[in-house]
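Good morning, everyone. Please take a moment with the sequence and the structure before I begin to talk about pockets and surface.

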Amino acid sequence: TAEALVERMRGHGHRGAVYAGSLADAVEGAVAEARPGDLVLTLGAGNISQAGETLLSGLEARLGEVRA
């Protein structure tokens, strides 16, 4: 499961790994955590491709101009 993957990642030193639960929660979390200069990558299956535009809009609203 996705939850199990996050737990394994955390167990291997990636303490910042977080299970979001939904696409909307994942986008909200990425927008909140991203800082200028960060690279935000979305990987997954299903509807993950829908996150791109929402993520860019949120980052632009919070940080200003964003390179896509």
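**Pockets and a surface patch**

Let me start with the second largest pocket, whose lining residues divide into 10 nonpolar, 3 polar and 4 charged; here Ala, Val, Leu, Ile, Met, Phe, Trp, Tyr, Cys and Pro count as nonpolar, Asp, Glu, Lys and Arg as charged, and the others, Gly among them, as polar. A pocket, on a 1 Å grid over the protein atoms alone, is an open set of points where a 1.4 Å probe fits, with protein on both sides within 12 Å along at least five of seven lines, and lining residues have an atom within 4 Å of a point.

I should say that this is a predicted model, in which local features need pLDDT of at least 70 and side-chain atom pairs count only at pLDDT 80 or more, while totals for chains, interfaces and linings use all residues. Residues are numbered from 1 along each chain as its sequence is written, and side-chain values use heavy atoms, with hydrogens and water left out.

Turning to the largest pocket, we find 32 residues in its lining, and Val 18, Ala 20, Ala 26, Leu 41 and Leu 43 lie nearest its centre. By class, that lining has 21 nonpolar, 8 polar and 3 charged residues.

And what of the loop between helix 2 and helix 3, where Leu 39 has its place? Helices are DSSP runs (H or I, at least four residues), numbered from the N terminus. Leu 39 counts as exposed because its relative accessibility is 73%, and exposed means over 50% relative accessible area, with a 1.4 Å probe and protein chains only.

Technical notes. Buried < 20%, exposed > 50% of the residue type's maximum accessible area, 1.4 Å probe, protein only.
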